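Here is a walk through one protein model, from its sheet to its helices and cores. Keep the viewer open as you read.

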Amino acid sequence: MAWNEPGGNDKDPWSGKGKDQGPPDLDEVVKKLQEKMGGLFGGKKGGGSSFGGGKLIAALVIVVLVVLAAIQSFYIVQPAERAVVQRLGAFHTVTTPGPHFLVPFIDKKTIINVDQVNKFGHRAQMLTRDENIVDVTLTVQYRVQDAADFLFQDADPVKTIYSAVESALREVTGKSTLDEIITENRSAVAAMVKQNTQALLNTYKTGLVVTNVNIQDANPPEEVKEAFDDATRAMADKERVQNQADAYANDIVPRARGAAARQVEDAKADAFKVVSEANGETKRFLALLEEYQKAPEVTRQRLYLDTMQKVLGETGKVLLDVKEGSNTLTYLPLDRIMNQPRMAPAGAVQLPGYESLEAESKTRKLEDAQRRRDEVRSDRDRARRNR
């Protein structure tokens with residue numbers, strides 16, 4: 001008879017167990033697992049199952065704590081950061097960028113960003129050295145320089161830098177005039193505020209460094225603002241006119257110096273010319289003297305003829321053809337003849353032989369002029385050879 005037929009007693013031929021057996025009990029499975037784990041950690045099978053389960057939980061807790069301690073002990077500092085390490089609450093060291101290790105449950109770290117630049121503004125009305133009131137608005141940029149001092153030396157470094165900026169600004173403003181702060185020396189005032197602020201921060205050991213101080217605005221009181229604006233425009237006009245004057249001077253002075261240098265060179269050339277001509281005349285006179293000493297009469301006659309030729313050649317002359325033995329006194333209008341010797345107007349009186357005398361005079365003048373040019377040229381050549 002088959003096992004699953006009526007009368008077969010519901011027996012399973014493979015398992016040998018009855019059909020009424022249900023699924024395994026979950027509590028029994030957990031109990032068996034606890035017994036096995038208890039035996040693994042030194043407990044006994046059977047009655048010591050509770051004690052073995054407690055050890056298992058304790059072991060798991062220890063493993064978890066070890067893993068957490070390892071994770072908490074290892075940390076990495078970024079390039080823009082510094083880590084301040086405290087050991088048992090006291091300052092221990094400042095670590096640089098890179099991986100680092102902490103003693104678990106003993107050391108504590110605080111990460112500080114030392115490259116981040118912070119900024120704030122400040123505005124105040126202050127009294128200047130010349131007893132004027134000025135309204136100053138400035139911006140301050142700062143960052144952390146010493147992470148340890150920033151955390152432990154000052155209770156509130158940010159509040160301290162606010163107070164230091166105001167104190168330094170009042171000190172510098174009290175030592176400056178209103179014009180210096182508003183127009184003339186604003187950049188120097190900002191630099192002095194930065195310097196004094198940094199000195200105060202170093203005194204209080206805040207660990208902060210001021211990177212920049214910029215005066216955004218500086219105005220007089222509203223009651224006198226228009227007058228100061230007029231003064232500012234007048235100063236701008238003054239600078240503009242002065243720049244124009246400098247430009248004009250830079251243009252005219254070099255040209256005047258060039259003209260002066262040119263005149264000096266011309267004067268030197270004229271002096272050289274005069275000296276050379278004088279030397280030439282001197283040498284010519286000495287040569288003439290030498291010839292005179294050889295033949296005084298001939299030389300004297302020649303000098304007389306040359307002189308008369310030169311004198312008569314440059315003056316007007318009137319020649320009369322008077323018959324021999326005539327004692328008649330002839331009246332000549334010399335003034336009209338001398339004033340109009342060449343025009344020969346109709347009806348003018350012309351003496352006999354006047355045309356030939358005029359032509360001869362022109363020829364002689366041309367010859368004299370050519371001779372003088374030749375003499376000057378020869379004197380210059382002689383002077384040049386003597387140099």
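The paragraphs below take the sheet, the helix pair, the cores and a separate strand pair in turn.

This is a predicted model. Start with the open sheet. Three strands build it, in the order β6-β7-β8, and their pairing is antiparallel. β6 and β8 are the edge strands, each pairing on one side only. From one strand to the next, the twist averages 25°.

Look next at β7 and β8. These two strands pair in the antiparallel sense over ten bridges. Use Leu138 to find the register: Ile215 in β8 stands opposite this residue. Helix α4 packs on the sheet and touches β6, β7 and β8. The direction of α4 makes about 35° with that of β6.

Now turn to the helix pair. Two packed helices are described by the angle between their axes and the distance between the axes. How do α4 and α6 cross? Their axes come within 8 Å, and the crossing is at roughly 135°. An angle over 145 degrees would count as roughly antiparallel; α4 and α6 are therefore oblique to each other. Their crossing is right-handed. The contact involves many side chains to pick out in the viewer. On the α4 side, the residues include Ile161, Ala164, Val165, Ala168 and Val172. On the α6 side, among them are Val189, Met192, Val193, Leu200 and Tyr204.

In soluble globular proteins, nonpolar side chains tend to be buried together. Here the largest nonpolar core has 31 residues. Which of them have the most contacts inside it? They are Val134, Val136, Val140, Ile161 and Val193. The elements that give two or more residues to this core are β6, β7, α4, α5, α6 and β8.

Val134 deserves a closer look. Set aside its neighbours within four places in sequence. Its remaining contacts include Ala124 and Met126, Leu178, Ile181 and Ile182, and also Ala218. Polar partners can be found too, among them Gln125, Thr128, Thr173 and Asn219.

A second core is separate and has five residues, including Tyr75, Val77, Val85 and Leu102. Two of these names lead to strand β1, residues 74-77. In a regular strand the side chains alternate between the two faces of the sheet. Which residues of β1 lie on the covered face, and which on the uncovered one? Tyr75 and Val77 are on the covered face, whereas Phe74 and Ile76 are on the uncovered face. β1 pairs with β4, residues 98-101, in the antiparallel sense over four bridges. Within that pair, Val77 stands opposite Gly98 in β4.

Notes
Residues numbered from 1 in each chain as written. Predicted model: local features only at pLDDT ≥ 70, side-chain atom pairs only at ≥ 80, totals over all residues. Heavy atoms only, no water. Buried < 20%, exposed > 50% of the residue type's maximum accessible area, 1.4 Å probe, protein only. Pairing = 2+ DSSP bridges. Core = buried A, V, L, I, M, F, W, Y, C linked by side-chain atoms within 4.5 Å. Contact = heavy atoms within 4.5 Å. Axes fitted to C-alpha atoms, helices over the stretch in contact; angles between N-to-C directions. Parallel < 35°, antiparallel > 145°, perpendicular 65-115°, else oblique. Left-handed = near helix turned anticlockwise from the far one by under 90°.
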